[in-house]
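Hello,

Here is the structure I promised to pass on to you. Have a look at it first, and then read on for my notes on what turned up.

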Amino acid sequence: MAMLDERDFQKKCDAALEDLKRRLLDAGDAHGFDVEGESGKLEVVFEQPQPEKFVISPNTPVREIWISALSTSFKLGWSEAKSAFVLEKTGEDLLAVLSRVISQQLGEEVNV
């Protein structure tokens, strides 16, 4: 994982979160969850099957995007090879991790 300078991280992070928000809004319309975004973070809010909230936020000091979901914290760092934020342990990018945890929450296949 490459360590980005703060400005480069912020640029890449903003672009990734903007793309993610657009995709989550579309998926939310199709699968019945809400997406809220404020002060640089995104929240995915579920009413069914049980109330739950996932939080996606940048952690600028360590240059990672953190996802708090399913009682777990996922920490994604920048991968130059994939030009994406990636969960090092699994090799999944931001969209794949969110697709997986949202699918687990809803009990149905969701592709972000």
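**Salt bridges**

There are 6 salt bridges in this structure. Please keep in mind as you read that this is a predicted model.

Glu43 is a good residue to begin with. Its side chain forms a salt bridge with Lys41, where the closest N and O atoms are 3.4 Å apart. Glu43 also meets the side chain of Lys53 in a salt bridge, at 3.8 Å from N to O. That second pair links distant parts of the chain, since Lys53 is in strand β3 and Glu43 in strand β2, 10 residues apart. Is Glu43 buried or exposed? Glu43 has a relative accessible area of 11%, so it counts as buried, the cut-off being under 20%. Its two partners are partly exposed: Lys41 has a relative accessible area of 27%, and Lys53 has one of 43%.

Another pair is Glu92 and Arg100, whose side chains meet at 2.8 Å, N to O. Here too the acidic residue is buried, with Glu92 at 18% relative accessibility, while Arg100 is partly exposed at 30%. Finally, Asp19, Arg22 and Arg23 are linked in a network of salt bridges.

**The sheet**

Now for the strands. An open sheet is formed by 7 strands, in the order β1-β2-β3-β4-β5-β6-β7, and their pairing is antiparallel. The edge strands are β1 (34-38) and β7 (92-93), each of which pairs on one side only.

β1 and β2 run antiparallel and are joined by 5 bridges. One pair of bridge partners here is Glu38 and Lys41, with Lys41 in β2; this is the Lys41 that forms a salt bridge with Glu43. The hairpin of β1 and β2 has 2 residues between the strands, and in it Ser39 takes a positive phi near 40 degrees.

On its other side, β2 (residues 41-46) pairs with β3 (residues 52-59), again in the antiparallel sense and over 5 bridges. Which residue of β3 is the bridge partner of Leu42? The partner is Ile56.

Ile56 deserves a closer look. This residue of strand β3 has 0% relative accessibility and therefore counts as buried. Beyond its neighbours within four places in sequence, Ile56 is in contact with Leu17, Leu20, Leu24, Lys41, Leu42, Val44, Ile65, Trp66, Ile67 and Leu98. As for Lys41, its C-alpha atom is separated from that of Ile56 by 5.7 Å, although the two residues are 15 apart along the chain.

**Helix α1**

Helix α1 (residues 6-31) lies across β1, β2, β3, β4 (64-69), β5 (72-79) and β6 (84-87), and runs at about 160 degrees to β3. With 26 residues, α1 reaches 35 Å from its first C-alpha to its last, close to the 38 Å expected at 1.5 Å a residue.

The buried residues of α1 are Phe9, Cys13, Leu17, Leu20, Leu24, Ala27 and Gly28. What covers them includes β1, β2, β3, β4, β6 and α2. Leu17, Leu20 and Leu24 are also among the contacts of Ile56.

Both ends of α1 have something to show. At the N-terminal end, Asp5 acts as a cap, with a side-chain oxygen 3.2 Å from the backbone nitrogen of Arg7. Just after the helix comes Gly32, with a positive phi of about 80 degrees.

**Helix α2**

How far apart are the end C-alpha atoms of helix α2 (residues 94-106)? They are 18 Å apart, which agrees with the 18 Å that its 13 residues should span at 1.5 Å a residue.

Leu94, Val97, Leu98, Ser99, Val101, Ile102, Ser103, Gln105 and Leu106 are the buried residues of α2. Among them, Leu98 is in contact with Ile56.

At the start of α2, a side-chain oxygen of Asp93 reaches to within 3.2 Å of the backbone nitrogen of Leu95. After the helix comes Gly107, whose phi is positive, near 70 degrees.

If you would like one place to start, try Ile56: its contacts include Leu17, Leu42, Ile65 and Leu98.

Best wishes

Conventions: Residues numbered from 1 in each chain as written. Heavy atoms only, no water. Helix = DSSP H or I, 4+ residues; strand = E, 2+ residues; numbered from the N terminus. Expected span 1.5 Å × (residues − 1). Buried < 20%, exposed > 50% of the residue type's maximum accessible area, 1.4 Å probe, protein only. Polar contact = N/O pair within 3.5 Å; in protein donor to acceptor, adjacent residues only side chain to side chain. Pairing = 2+ DSSP bridges. Contact = heavy atoms within 4.5 Å. Axes fitted to C-alpha atoms, helices over the stretch in contact; angles between N-to-C directions. Salt bridge = Lys/Arg side-chain N within 4 Å of Asp/Glu carboxyl O.
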